[in-house]
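Biologist: Before I rely on any of the terms used for this fold, I would like to hear what stands behind each of them.

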Amino acid sequence: MNRLRRGINIYLHNLDGITIASDKQSAVLGGGVYAAQLIKTLAKSGKVAATTAVTCVGIAGAGLGGGMGMYQGLYGLMADNFLEMTIVTADGSTVTANDRQNADLFWAMRGAGHNFGIVTSYVYKIYDAIPTWYAASYQYTEDKLEAVFTELNKLNDDGKQPRELTTYTVFANNPSVSDKVGLPPHP
């Protein structure tokens, strides 16, 4: 956020409460809950939630933008897991949004929520923990890109892959790798 110009950054770190519902199907989270906090808290109860793969990211912020993560094959994007939100709007009003109340706002918040208000708390779906799972990160040089995506497309089988399989790709320049294989440097 040190590059933010002509904007406002509202730090919600003190809104970090996590309360698991009695039916253990959802939890009420404060708007400042980070993925690491949620993962650790839910693990104690044998539960998981759709979270980002990066644990230093806030759940609400990532989810309001859609939110990809390792459980998306099973539980959808993070945005799909909001059940209700408490939102402070630009005029200072506090509103509740869900499928029954302020439904249009609730729909808009799940994907473009950064534009409509500040989420101070929300109800979020949680799930029974999966006994075993595997995550891996691989790096390839640019000259392997076409071959890697050919194989990923085979693996994903035009969207028919098992729900347990999630793949997502991040493009990043790693000069220490690219320069060693003789690829041109990036600006």
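**Terms and their grounds**

Modeller: The buried residues of α4 pack against α2 (59-64), β4 (82-88), β5 (94-98) and β6, where contact means heavy atoms within 4.5 Å. This is a predicted model, in which local features need pLDDT of at least 70 and side-chain atom pairs count only at pLDDT 80 or more, while totals for chains, interfaces and linings use all residues. Residues are numbered from 1 along each chain as its sequence is written, and side-chain values use heavy atoms, with hydrogens and water left out.

Biologist: Which residues of helix α4 are called buried, and what puts them on the same side?

Modeller: In α4 (residues 103-112; helices are DSSP runs of H or I with at least four residues, strands runs of E with at least two, numbered from the N terminus), L105, F106, A108 and M109 are buried, meaning under 20% relative accessible area, with exposed over 50% and partly exposed in between (1.4 Å probe, protein chains only). They cover an arc of only 165 degrees around the axis, taken from the directions from the helix axis to the C-beta atoms, and therefore lie on the same side of α4. The face turned away from that buried side carries the exposed D104 and W107.

Biologist: Why is strand β2 described as largely enclosed?

Modeller: Because 4 of the 5 residues of β2 (residues 26-30) are buried, the strand is largely enclosed by the rest of the structure.

Biologist: What makes β2 and strand β6 a pair?

Modeller: Pairing requires that DSSP finds at least two bridges between two strands; β2 and β6 (residues 118-125) have 5, in the antiparallel sense, and A27 stands opposite Y124 in β6.
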